[in-house]
Amino acid sequence: MTIEQALHTRSESKCELCGATDDLAVFPVPPSADDSVDQSVLLCGNCRTQIDNPDQVDPNHWRCLNDSMWSQVPAVQVLAWRMLNRLRGEGWPQDLLDMMYLDDETLSWAQATGDHLADDEVVRHLDSNGVVLEAGDTVTLIKDLNVKGSSLTAKRGTAVRNISLVLDNPEQIEGRVEGQQIVILTQFVKKQK
Ligand SMILES: [Zn+2]
């Protein structure tokens with residue numbers, strides 16, 4: 001059975017968010033490591049377009065989440081939760097969110113993309129030039145840094161590969177310098193192009 005067939009069976013050939021039956025297609029829920037059935041949902045064209053294009057969202061369409069947020073399928077819960085968060089400003093989505101329960105694993109999946117955040121809430125990590133840093137980037141130190149709790153000095157010009165972002169602090173990233181994982185202030189790094 002293909003993923004599409006499995007999803008048609010699970011959903012009874014309806015959009016798993018709004019119940020529409022036209023233009024159905026498999027939608028892998030990001031960030032999905034694989035496009036497995038568990039990490040995909042069957043969505044109609046209208047839902048897919050609005051999820052992919054936040055500026056085309058019609059809040060009234062998403063009243064359908066009133067029903068689909070109770071789905072037992074984690075991937076559906078994740079999409080419902082993200083969209084309700086995006087629309088929070090409308091009022092009623094907040095009421096639904098207050099009733100919604102996601103287990104820990106599903107909640108961290110739902111939060112993983114930052115999709116649920118309005119633009120002004122997104123935590124951005126900026127380097128010394130104001131360039132946006134992303135996990136996996138390589139940065140260069142722009143000054144010598146003493147590493148707390150060790151005699152290590154990370155030299156100016158050192159390249160730090162594959163950084164990770166400290167999620168709740170936009171001024172901090174983490175990276176490995178001479179084998180040690182350290183926290184680095186974003187103001188002291190420059191992103192390598
Ligand atoms: Zn739909």
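Two strands pair if DSSP finds at least two bridges between them, and this rule is needed for the first exercise on this predicted model.

**Exercise 1. Which residue of β2 is the bridge partner of V26, and how do β1 and β2 pair?**

Step one is to place the strands: β1 covers residues 25-28, while β2 covers residues 40-43. Step two is to look at the ladder between them, where β1 and β2 run in the antiparallel sense over four bridges. Step three is to pick out one bridge, in which V26 has L42 in β2 as its partner.

**Exercise 2. Decide whether the two faces of β2 are covered or not.**

Begin with a general point: in a regular strand the side chains alternate between the two faces of the sheet. Then sort the residues of β2 by side, which puts S40 and L42 on one side and V41 and L43 on the other. Since buried means under 20% relative accessible area, the last step is to check each residue, and all four names turn out to be buried, leaving both faces of β2 covered.

**Exercise 3. Find the buried residues of helix α5 and explain where they lie around its axis.**

First list the buried residues of α5 (residues 92-99), which are W92, P93, L96 and L97. Looking down the axis of α5, these residues fall within an arc of 145 degrees, so they line one face of the helix. Next ask what that face meets: the buried residues of α5 pack against α3 (65-68) and α4. Finally, take L96 in helix α5 as an example. L96 has a relative accessible area of 6% and is therefore buried. Apart from neighbours within four places in sequence, L96 is in contact with L65, N66, M69 and L84.

**Exercise 4. Compare the buried and the exposed residues of helix α6.**

Start with the buried residues of α6 (residues 104-111), namely T106, W109 and A110. These three cover an arc of only 100 degrees around the axis, which means that they lie on the same side of α6. On the other side of α6, by contrast, D104 and E105 are exposed. The cover over the buried residues of α6 includes α4, and a residue of α4 can now be examined. Q77 is located in helix α4 (residues 74-86), and its relative accessibility of 13% is why Q77 counts as buried. Setting aside residues up to four places away in sequence, Q77 touches M69, S71, Q72, M100, L102 and T106.

**Exercise 5. What is the strand order of the open sheet of three strands, and which are its edge strands?**

The order is β6-β3-β10, and the pairing is antiparallel. The edge strands are β6 (159-160) and β10 (189-191), because each pairs on one side only and a pair needs at least two bridges. Strand β3 (residues 139-141) pairs with β10 in the antiparallel sense over three bridges, and within this pairing T140 stands opposite K190 in β10.

**Exercise 6. Which two domains does the chain have, and how many Å apart are their C-alpha centres?**

The domain assignment gives domain 1 (3-119) and domain 2 (124-191), and the C-alpha centres of the two domains lie 35 Å apart. For a single pair of residues, L96 and G157 are 61 residues apart in sequence and 50 Å apart in space, C-alpha to C-alpha.

**Exercise 7. Over which ring does the charged end of K143 sit?**

The charged end of K143 sits over the ring of F188, at 4.6 Å from the centre of that ring. As for pairs of aromatic rings, the structure holds zero.

Terms used:
Residues are numbered from 1 along each chain as its sequence is written. This is a predicted model: local features need pLDDT of at least 70, side-chain atom pairs count only at pLDDT 80 or more; totals for chains, interfaces and linings use all residues. Side-chain values use heavy atoms; hydrogens and water are left out. Buried means under 20% relative accessible area, exposed over 50%, partly exposed in between (1.4 Å probe, protein chains only). Contact means heavy atoms within 4.5 Å. Rings of Phe, Tyr and Trp (its six-membered ring) pair if their centres lie within 6.5 Å; planes under 30 degrees apart count as stacked, over 60 as edge-to-face and the rest as tilted. A charge sits over a ring if NZ of Lys or CZ of Arg is within 6 Å of the ring centre and within 35 degrees of the ring normal. Domain bounds come from an automatic or database domain assignment. The arc is that of the directions from the helix axis to the C-beta atoms.
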